[in-house]
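Trainee: I am new to this structure, and I would like a close look at a single part of it, the place where empty space is left. Please begin with any term I need, and then lead me outward into the surroundings.

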Amino acid sequence: MVFHTNSIACADATGKMVYNKISRRTVGPADVHIEVSYSGVCHSDIHTAKGEWGDVSKAYPLCVGHEILGTVKAVGASVTKFKVGDIAGVGCFTDSCRSCEECKDGDENLCTGPGGMQGTYGSACAEAKQPGGVTQGGYSGDIVVDESYVIKVPENMHVAAAAPLLCAGITCYSPFINHGIKAGQNLGVVGLGGLGHMAVKIGAAMGCNVTVITRD
């Protein structure tokens, strides 16, 4: 069984956006159904939409967007981390093999198992996971994702402003943690773009002395 939701999708490699109906799977035992309120624009969306990161011609019309925030509308019977009404987010991937060493270490984005990481949009997958056999992203009214790949958003956060944390934010925060960035250290950020401004904010919040390096 499936249900349908509205989306804005890339019609072709020109990047032209069109209104489109897409299908989502019905909520399974471990699934979270999110009614989407916000989906940030990442440059990855543009590259993918235009086929600049690989051929996606068979996926058009393709709904992109992987900085997704919304309200939990329904949960499966075995879901323990979410309840209806929670604010929840979905980032750059929605599944992985769950059994390779990377997945076991919490690095699902580096999954080396069968099928690898399943991107939030444009990834081939089983029909049962995504009707049509290609994942569709967050420029849509609803999304259904396994709870293991959904992030709970604190109630006191500004929901719309939190969307970029799901891509640009974690892209900066992860290496800061992996490389042991600490308060009082000097942190240089090259460029003040989508990632750069996140690095500045996160670095400052961690107590670093932040310097931006730019040509402008």
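Mentor: Before we look inside, one convention is needed: Ala, Val, Leu, Ile, Met, Phe, Trp, Tyr, Cys and Pro count as nonpolar, Asp, Glu, Lys and Arg count as charged, and the others, Gly among them, count as polar. Please also keep in mind that the model is predicted.

With that convention, the lining of the largest pocket divides into 12 nonpolar, eight polar and two charged residues. The volume of this pocket is about 760 Å³, and of the 22 residues that line it, Phe 93, Asn 109, Ile 151, Leu 166 and Ile 170 lie nearest its centre. Helix H4, which spans residues 168-178, gives seven residues to the lining of the largest pocket, and this is the largest share.

One of those central residues, Ile 170, leads us to a neighbour, because Leu 165 touches Ile 170 as well as Met 157 and Met 198, when residues up to four places away in sequence are not counted. Leu 165 lies in the loop between helix H3 (159-162) and H4. Is Leu 165 buried, exposed or partly exposed? Its relative accessible area is 34%, and since buried means under 20% and exposed over 50%, Leu 165 is partly exposed. The loop residue Leu 165 and Gly 40 are 125 residues apart in sequence, yet their C-alpha atoms are 9.4 Å apart in space.

For comparison, the second largest pocket has a volume of about 310 Å³. Among the residues that line it are Trp 53, His 66, Cys 92, Met 117, Tyr 121 and Cys 167, and by class its lining holds six nonpolar residues, six polar residues and no charged ones.

From the pockets we can turn to the packed interior. In soluble globular proteins, nonpolar side chains tend to be buried together. Here the largest nonpolar core has 13 residues, of which Val 32, Ile 34, Phe 82 and Val 150 touch the most other members. Strands S3 (31-39), S4 (68-75), S5 (87-90) and S8 (142-146) are the elements that give two or more residues to this core, and S3 supplies the largest share, with three. Ile 34 shows how such contacts spread: leaving aside residues up to four places away in sequence, it touches Gly 70, Thr 71, Val 72, Ala 88, Val 90, Gly 141, Asp 142, Ile 143 and Val 150. A second, separate core of 12 residues includes Ala 9, Cys 10, Ala 49 and Val 134.

The strands of the largest core also belong to an open sheet of five strands, in the order S8-S3-S4-S5-S9, with antiparallel pairing. S8 and strand S9 (151-152) are its edge strands, each pairing on one side only. Within the sheet, S3 and S8 pair over five bridges, with Asp 31 opposite Asp 146 and Glu 35 opposite Asp 142, while seven bridges join S3 to S4, where Ser 39 stands opposite Ile 68.

Elsewhere, strand S1 (residues 2-10) and strand S2 (residues 17-25) pair in the antiparallel sense over nine bridges, with Ile 8 opposite Tyr 19. S1 and S2 form a hairpin with six residues between them, and in its turn Gly 15 has a positive phi of about 90°.

Terms used
Residues are numbered from 1 along each chain as its sequence is written. This is a predicted model: local features need pLDDT of at least 70, side-chain atom pairs count only at pLDDT 80 or more; totals for chains, interfaces and linings use all residues. Side-chain values use heavy atoms; hydrogens and water are left out. On a 1 Å grid over the protein atoms alone, a cavity is a set of points where a 1.4 Å probe fits but cannot get out, and a pocket is an open set with protein on both sides within 12 Å along at least five of seven lines; lining residues have an atom within 4 Å of a point. Grid points are joined across faces, edges and corners, and a volume is the space filled by probe spheres set on the points. Helices (H or I, at least four residues) and strands (E, at least two) are DSSP runs, numbered from the N terminus. A nonpolar core is a set of buried Ala, Val, Leu, Ile, Met, Phe, Trp, Tyr and Cys residues joined through side-chain atoms within 4.5 Å. Buried means under 20% relative accessible area, exposed over 50%, partly exposed in between (1.4 Å probe, protein chains only). Contact means heavy atoms within 4.5 Å. Two strands pair if DSSP finds at least two bridges between them.
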